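Student: Could we go through this structure together, starting with a pair of strands and then turning to the sheets and the enclosed space?

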Amino acid sequence: MRFRGNAHFASAVGAVLGLLCAVEAAKVNKHKPWIETTYHGIVTENDDKVLLDPPLIALDKDAPLRYAGEICGFRIHGQNVPFEAVVLDKSTGEGVIRAKDKPDCELQKEHTFTIQAYDCGEGPDGANMKKSHKATVHIQVNDINEYSPVFKEKSYKATVIEGKKYDSILKVEAVDADCSFQFSQICNYEIVTPDVPFTVDKDGFIKNTEKLSYGKERMYKLTVTAYDCGKNRASEDVLVKISIKPTCKPSWQGFNKRIEYEPGTGSLALFPSMHLETCDEPITSIRADIELETNHIGKGCDRDTYSEKSLHKLCGASSGTVELLPPPSSSANWTVGLPTDNGHDSDQVFEFNGTQAIKVPEGLVSTSLKEPFTLSVWMRHGPGAHEKETILCNSDKTEMNRHHYSLYVHNCKLILLLRQDPSEAENYKPAEFHWKLDQACDKEWHHYVLNVEFPAVSLFVDGTTFEPFLVTEDYPLHSSKIESQLTIGACWQDNSGHDNDTESVSEPTSGGNARMAQFFRGNLAGLMIRSGKLENKKVIDCLYTCKEGLDVQLPEEVASAVKVEFNPNQSSMTVEGDDIDAFDKVMQHISYLNSRQFPTPGIRHLRISTTVKCFNGESCVTVPDAEGYVMVLQPEEPKISLSGIDHFARSAAEFESPEGVTLFPELRIVSTITREVEADTESEAAEGADDDPTVQETVVSEEIMHNLDTCEVTVAGDELDGEHEGLELDMSQLQQHGLEMSSSNLGLVVTGVNTMANYEQVLHLIRYKNWHTEALFDRKFKLVCSELNGRYISNDFKVEVNVIHTANPVEHANNAMVQPNFINPVHHASVDLSGHNLVNAHQASVVPSAATVVIVVCVSFLVFMIILGVFRIRAAHQRTMTDQESGKENEMDWDDSALTITVNPMETYEDQHSSEEEEEEEEESEDGEEEDDITSAESESSEEEEGAEPEDQQAASRQQQLEWDDSTLTY
């Protein structure tokens with residue numbers, strides 16, 4: 001029994017021990033993973049791969065059991081650690097550390113954190129997972145040279161005194177944002193600007209390599225760059241300005257050499273910031289001479305370039321002026337052969353080279369020498385030979401070669417020869433007037449006015465009066481019936497014994513038969529002769545005064561302290577004073593003014609000559625001359641446009657009427673200029689135009705008002721035949737507008753300075769008359785207007801006028817000769833072919849023009865094609881219907897080869913005739929809309945013609961329509 005009890009106890013203990021062994025056998029994840037205690041890593045900036053030393057490997061003694069011996073992951077401990085650890089192989093425990101984002105060395109150079117490894121536990125669910133100890137990881141971020149040096153300042157400035165060498169003028173400094181010592185250090189500076197007397201060292205100190213001169217360069221602008229030790233260049237170079245301060249020298253400071261003048265802007269201050277540097281010398285007086293050189297502009301300066309005749313009228317001189325050197329034109333062609341300046345910016349200048357001269361047409365000058373008269377001319381003449389050089393000469397045309405009057409230059413003297421006509425008392429009378437003038441030989445332009453009131457003669461040169469130093473006397477000329485010849489540039493002498501009235505420009509003197517002598521060498525312009533004296537000094541000054549010059553508006557506070565004087569044409573002025581501050585203020589108020597609407601562009605040189613005196617009364621300070629120039633910009637050239645009706649027709653009766661036909665009834669004269677306007681930057685930004693490099697400035701056309709001085713109407717084709725045609729203009733209206741007119745067989749020319757509106761009104765009045773229009777069908781004319789003596793010329797406005805001949809109806813005996821209905825005469829008002837407009841200005845009968853016939857033919861052809869198409873469609877339709885019927889009734893077919901069909905031709909004729917009558921009625925209904933303007937007389941005449949047709953003719957026509965030729969008809 002005891003033994004049996006012990007047996008039960010032993011079995012119980014065995015069961016417990018077996019259960020414990022089974023439990024211990026089931027526990028397989030016995031060990032923790034193992035890793036190193038410390039790791040060191042390196043990662044390159046902008047890269048995510050970390051190189052670790054030693055490599056990241058976790059070991060587990062439970063290997064090679066599944067799960068328990070495998071490494072499932074690494075865990076990083078730390079705040080905001082930008083790295084992560086990844087297992088590459090669970091069985092070997094190999095892993096890597098990589099950056100979550102690309103690291104930036106400039107933000108943090110080193111990173112430290114801890115890491116743990118953990119296994120996969122006892123199963124897929126990771127139960128009983130074990131962790132390793134924590135290891136420390138140190139990672140250093142390696143720098144790359146991603147940043148370039150940047151200068152601390154946007155620009156550097158320094159000032160040095162001329163004539164001195166500096167060890168250091170200034171220092172430039174750049175920094176680099178890279179984190180490493182190698183890439184963040186600036187290893188070198190360099191001056192990029194070539195050929196400058198400066199150098200820079202590796203620390204950024206700039207110094208000059210030679211002595212600097214203020215006169216050579218007032219400011220140097222250098223471009224400097226920097227390099228880091230990785231050889232990266234600065235992202236932006238820096239500008240270094242080094243100003244050179246002169247050693248004190250008396251001179252004008254703040255003077256701009258180039259001054260631009262915009263036409264039409266009024267006066268422009270020339271020296272707004274200028275002041276005189278005297279280096280603190282004790283000054284007692286200052287004198288400055290300011291000179292504006294305009295001798296190369298026009299005739300000494302900028303003036304209105306209208307014809308001399310127009311200028312006389314503008315200046316208030318009375319009428320009666322004769323222009324002897326007009327610009328070449330159809331009505332004044334005797335100056336065609338002379339060389340000119342070939343420019344339109346200034347007025348026309350004629351050149352005489354010592355071999356050329358012209359003859360003035362007979363009858364042009366009717367001035368009597370017994371009455372007072374005026375002679376004026378612009379002349380430029382230099383020192384020449386010791387021979388007489390004739391400007392104007394009136395001499396015998398044949399045989400005797402006597403000089404009646406002449407104006408010539410001899411040895412820098414201006415001489416007027418004036419021989420009196422025969423009189424009862426043949427006594428000595430003044431004959432030659434001599435003036436000794438420097439102006440006659442200085443190669444500059446001067447204006448000469450001679451007032452002749454025999455025996456007294458007065459001379460004005462550039463508005464200044466000169467008295468003759470010598471007057472010689474002579475007998476009057478002997479009575480003679482020899483005609484005289486007026487010439488310019490030489491004197492006419494007949495050495496050949498025959499005459500040639502057609503010669504306008506002489507050939508060079510070569511041989512004994514030359515007709516000209518005493519040739520002029522120089523330039524002439526505006527040669528005028530007029531009846532009556534030109535006594536008004538204001539008129540003479542107006543003819544000479546320049547439209548450009550110097551001006552000054554003296555401030556009140558300095559007006560009494562400074563004295564200002566001008567020369568007559570205001571091209572030079574003198575300023576004197578003793579207060580340097582007041583003197584500077586006056587100089588700052590000196591301005592340039594050009595009052596012309598369209599000034600002559602170009603350079604006007606400026607020069608300031610200064611004299612400074614000290615207490616001892618001597619010139620203690622020497623101020624060098626200051627020189628510059630005014631650049632007058634090119635004015636915006638006006639485009640003169642002529643427009644209106646350029647093609648119209650009038651009846652022959654109007655051409656033959658006393659009023660004639662108005663050529664330019666709706667003429668419009670418009671002048672525009674083109675300006676470049678900068679586009680609105682805001683709108684460009686809104687449209688994205690800033691990014692477009694092709695965006696250009698906007699061009700705007702603007703209408704302006706200015707004067708005209710010439711309008712010329714010329715006939716195209718055959719010249720005007722004065723016996724039966726001509727151009728007319730109301731002289732009273734012409735004179736009312738202050739204009740003049742000259743006409744020839746080529747047309748007419750209206751001259752005079754006046755507004756475009758007044759020219760429009762006058763041109764509206766030009767009429768064309770023709771007294772024999774039987775053979776005339778059209779006439780063509782051309783109109784051209786100009787401003788400033790041809791400087792600006794309009795377009796060619798061409799007008800074509802058609803003559804409408806009234807067709808007289810003729811009753812024909814044979815009906816075959818009557819016009820077809822589609823070209824029956826239609827009564828209209830006169831047709832204006834311009835712009836396809838019908839102008840009912842005058843009533844007349846119109847024969848269809850070529851264009852009308854072409855239109856009628858085209859419309860008829862179109863109607864014919866439509867009718868033909870309809871006919872063919874109907875025929876095709878009928879053929880289809882016939883085929884269908886024949887298909888249905890095949891059993892009723894028969895042989896019709898021997899069938900004879902009789903055709904009634906009247907049916908086809910009546911159908912066709914009725915369709916033509918319907919078309920004619922439609923055309924007549926359309927034409928009836930255009931016949932509203934027929935006069936009552938024309939209506940009555942048309943009704944009489946319609947009522948006058950006898951009934952027997954109508955019956956005969958009907959009978960004729962019922963007859964036909966049946967000779968070829970086949971039955």
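**Strand partners, sheets and cavities**

Tutor: In this predicted model, Tyr-408 stands opposite Ile-415 in E28.

Student: Over how many bridges do strand E27 and strand E28 pair?

Tutor: Strand E27 covers residues 403–410 and strand E28 covers residues 413–418. The two strands pair in the antiparallel sense, and the number of bridges between them is six.

Student: Why is one side of strand E24 and of strand E33 left without a neighbour in the sheet?

Tutor: Seven strands form an open, antiparallel sheet in the order E24-E34-E26-E27-E28-E29-E33. Strand E24 (358–359) and strand E33 (470–474) stand at its edges, so one side of each has no neighbour, because each has a single partner strand.

Student: In the open sheet with the order E46-E53-E50, which are the edge strands?

Tutor: Three strands form this sheet, and their pairing is antiparallel. E50 is joined to strand E53 (residues 767–770) by four bridges, and within E53 the bridge partner of Glu-728 is Arg-767. The strands that pair on one side only, and are therefore the edge strands, are strand E46 (661–662) and strand E50 (725–728).

Student: Which residues are the closest to the centre of the largest cavity?

Tutor: The structure holds four cavities of 30 Å³ or more, and about 90 Å³ of space lies in the largest cavity. Its lining has 13 residues, which divide into five nonpolar, four polar and four charged. Of these lining residues, the closest to the centre are Glu-308, Glu-323, Gln-348, Gly-526 and Asn-789.

Note on methods: Residues numbered from 1 in each chain as written. Predicted model: local features only at pLDDT ≥ 70, side-chain atom pairs only at ≥ 80, totals over all residues. Heavy atoms only, no water. 1 Å grid on protein atoms, 1.4 Å probe; cavity = no way out; pocket = protein on both sides within 12 Å on 5 of 7 lines; lining within 4 Å. Points joined across faces, edges and corners; volume = space filled by probe spheres on them. Nonpolar A, V, L, I, M, F, W, Y, C, P; charged D, E, K, R; others polar.
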